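Could you walk me through this model in the viewer, one selection after another? I would like to know what to pick next and what sits there.

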Amino acid sequence: MLGHPVPQTVAGAITRVRGATAPGPLARTLSWVVPTVVTGLVVWFRAAAAPPWRDEFASWDAAMRTAPQIVALGHTIDAVMLPYYLFLHVWVGWFGDSVTALRMPSMLAMTATAAATALLARRLYGNRAALLAGLLVATLPVVSRYGQEARGYALAALFATLATLALVAALARPRWWRWVAYAGCVLLLGWSHQVGLLLLAGHAVAVPVLTARGDPSGPRLGAAVAAARRTSVLWWAGAAAAGCAGVLPLALLGAPQRGSQLNWLSRATPDALAELPTTIFISSLVGGALCAIAVFALPRRGASAPADVWSRLLWLSVLLPYGLLFAADQLVAPMFVGRYLVFVVPLLCVLAGRALAGLRLHTALAVVLVLALVGLPAQNELRQRHSGLDYLAVADLLRNWSVPGDGVVYAPRQGWHFTDVAMRYYLHGAGPRDVLLQSDAVHNASLWPTECDDPAACLVGTPRVWVVSGDDLATGRRAGTTDQLSESVRDALRARYRQAERWRFDGFTVALFLARR
């Protein structure tokens with residue numbers, strides 16, 4: 001029978017935790033609906049106010065290709081993003097490519113994450129913890145930041161929370177379809193962001209601990225219950241393996257791309273291990289406060305109540321991915337990036353919700369409100385800009401001051417600025433011609449185009465040339481007028497053109513060159 005007996009320790013643990021509050025149906029519903037609505041209002045507020053940044057332009061560029069072209073791109077670069085790009089391709093086909101439309105999947109995902117967080121907290125700790133955990137999600141600047149970005153981090157946060165919720169449900173009432181749901185969440189988590197699969201390290205500890213844990217209030221466990229425990233472990237292993245199997249082809253495809261994909265990173269220092277709030281959260285003050293509150297969810301040594309066991313295991317599900325990503329950064333390739341760990345934030349909110357649930361409700365809500373007020377400056381700032389590169393100002397300049405026949409040169413062309421992509425997004429094919437373009441990124445099945453081998457010949461017949469140079473992303477050093485150009489392009493400009501004007505914007509230096517007479 002696929003619906004095997006429920007291990008007494010797991011089912012009893014969750015039943016006693018949930019029964020502690022014995023809520024009515026209205027309270028149970030409001031405990032997750034209220035946080036969902038509040039988070040939705042926060043995440044959707046001025047969601048398109050901050051202009052897209054370079055990663056979002058890469059998402060747009062990929063999504064605007066055909067499905068076969070996106071698959072071809074994945075064989076060259078960004079294989080880990082292939083499912084997201086294909087999804088976004090379908091999405092923009094339905095809803096367009098405005099900033100709001102591009103970010104809407106992430107906005108919806110973060111709103112749903114608040115609901116999933118509250119439901120997880122309700123299942124483990126009761127109604128009050130659910131309400132507080134969900135409201136904490138709404139207060140965090142990091143939730144708004146990645147809920148307003150056209151990348152897969154918000155989806156990873158959603159599926160990580162759903163996977164944990166599905167695990168709790170499957171352990172409480174094991175049925176084959178619950179494990180299938182868990183496997184589906186694991187698959188979607190890996191498709192959203194492969195680093196999110198580090199969550200399974202915490203689950204791998206939780207399952208045997210929960211299924212092997214004795215229940216001191218119950219009778220001696222019989223052979224049937226012991227067999228059910230082993231069956232739960234096997235079901236979890238099979239479901240996790242099935243979910244990971246769907247991600248494995250992408251992981252194998254992306255492994256050789258790791259060097260070019262992460263060449264902008266350097267290895268993290270050991271100090272990063274002690275900087276959890278700074279690493280993950282947009283506001284270190286808010287992140288530090290949340291982590292400090294979550295610490296109070298940890299029980300006293302020796303405490304063995306079901307809620308206490310879950311608190312320890314959830315903390316492990318936060319810390320193990322953090323430590324494993326740092327280890328991979330040190331041993332495999334640099335990859336320790338705070339936004340890669342956004343998927344653990346909802347689990348911290350669950351823990352903090354449990355800690356606050358021990359206070360009077362009005363006191364706990366006051367703490368949540370104070371945390372929201374502390375995060376307001378960060379909330380305001382992230383709705384103004386997502387990076388220090390002002391693509392929109394450069395696009396406005398080219399739109400208003402270029403004339404027919406003008407050419408434009410981008411530098412550096414093979415870096416991570418994606419300035420040419422941003423200009424295509426804003427100018428919609430208008431503006432100066434990309435005068436050095438030989439083969440575009442779509443033809444190359446890449447994120448980058450190829451420039452002509454003979455710049456002097458390509459510049460012939462172009463009376464005015466705009467040079468858009470991006471600052472050094474690693475050092476922040478300001479770009480000069482031509483220092484980011486290759487030597488051959490620089491020589492061709494000097495030989496035939498003179499600099500007429502120069503503009504400085506955040507992240508860019510723009511110059512206009514006129515042909516010599």
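Start by selecting cysteine 349, which is buried with a relative accessible area of 0%. One thing to bear in mind as you click along is that this is a predicted model. Now add cysteine 291 to the selection, since it holds the cysteine sulfur closest to that of cysteine 349; at 9.6 Å, the two are too far apart for a bond.

**One step along the chain**

Move on to valine 350, which sits in helix α18 (residues 345–356). Is valine 350 buried or exposed? At 0% relative accessibility, valine 350 counts as buried. Show its surroundings next: leaving aside neighbours within four places in sequence, valine 350 is in contact with Thr117, Leu120, Ala121, Tyr125, Ala133 and Leu314. You can also draw a distance from the C-alpha atom of valine 350 to that of alanine 294, which should read 8.1 Å, although the two residues are 56 apart along the chain.

**The cores**

Keep Tyr125 on screen, then add Leu140, Tyr182, Phe281 and Met423: of the 146 residues in the largest nonpolar core, these five touch the most other members. Colour helix α9 (residues 153–172) as well, as this helix gives the core its largest share, 15 residues. For a second, separate core of 15 residues, select Val435, Val467, Val489 and Phe513, which are among its members. In general, nonpolar side chains in soluble globular proteins tend to be buried together.

**A nonpolar patch on the surface**

Now turn to the outside and pick Leu26, Leu30, Val34 and Val38. They form a nonpolar patch on the surface, with about 300 Å² of accessible area together. Within this patch, valine 34 lies in helix α2 (residues 25–44) and is partly exposed, with a relative accessible area of 31%.

**The disulfide**

How many disulfides does the structure hold? There is 1, and you will find it by selecting cysteine 452 and cysteine 458, whose sulfur atoms are 2.3 Å apart. Cysteine 452 counts as buried at 14% relative accessibility, while cysteine 458, at 23%, counts as partly exposed. For contrast, jump to cysteine 244, which is in no disulfide: the nearest cysteine sulfur, in cysteine 185, is 13 Å away. Cysteine 244 is partly exposed, with a relative accessible area of 26%.

**Charged pairs**

A search of the whole structure turns up 14 salt bridges; here are three stops.

- Select arginine 145 and glutamate 149, whose side chains meet in a salt bridge at 2.3 Å, N to O. Arginine 145 is buried, with a relative accessible area of 7%, and glutamate 149 is buried too, at 0%.
- Go to glutamate 451 and arginine 413, a salt bridge of 2.9 Å, N to O. Glutamate 451 belongs to strand β4 (residues 450–451) and arginine 413 to the loop between β1 (407–411) and α22 (419–427), so the pair ties together parts that are 38 residues apart in sequence. Arginine 413 is buried, at 9% relative accessible area.
- Finish with arginine 504 and aspartate 471, where the closest N and O atoms are 2.5 Å apart. This pair links strand β6 (residues 497–505), home of arginine 504, with the loop between β5 (464–470) and α24 (487–496), where aspartate 471 lies; the two residues are 33 apart. Arginine 504 is partly exposed at 27%, and aspartate 471 is buried at 9%.

As a last selection, take Arg413, Asp420, Asp434 and Glu451 together: salt bridges that share partners join them into one network.

Technical notes. Residues are numbered from 1 along each chain as its sequence is written. This is a predicted model: local features need pLDDT of at least 70, side-chain atom pairs count only at pLDDT 80 or more; totals for chains, interfaces and linings use all residues. Side-chain values use heavy atoms; hydrogens and water are left out. A disulfide is a pair of cysteine sulfur atoms within 2.5 Å. Buried means under 20% relative accessible area, exposed over 50%, partly exposed in between (1.4 Å probe, protein chains only). Patches are made of residues with over 30% relative accessible area and no salt bridge: like charges are joined within 9 Å, nonpolar side chains (Val, Leu, Ile, Met, Phe, Trp, Tyr) within 5 Å. Accessible areas come from the Shrake-Rupley method with a 1.4 Å probe; for residues, only the protein chains shown count as cover. A salt bridge is a side-chain nitrogen of Lys or Arg within 4 Å of a carboxyl oxygen of Asp or Glu. Helices (H or I, at least four residues) and strands (E, at least two) are DSSP runs, numbered from the N terminus. Contact means heavy atoms within 4.5 Å. A nonpolar core is a set of buried Ala, Val, Leu, Ile, Met, Phe, Trp, Tyr and Cys residues joined through side-chain atoms within 4.5 Å.
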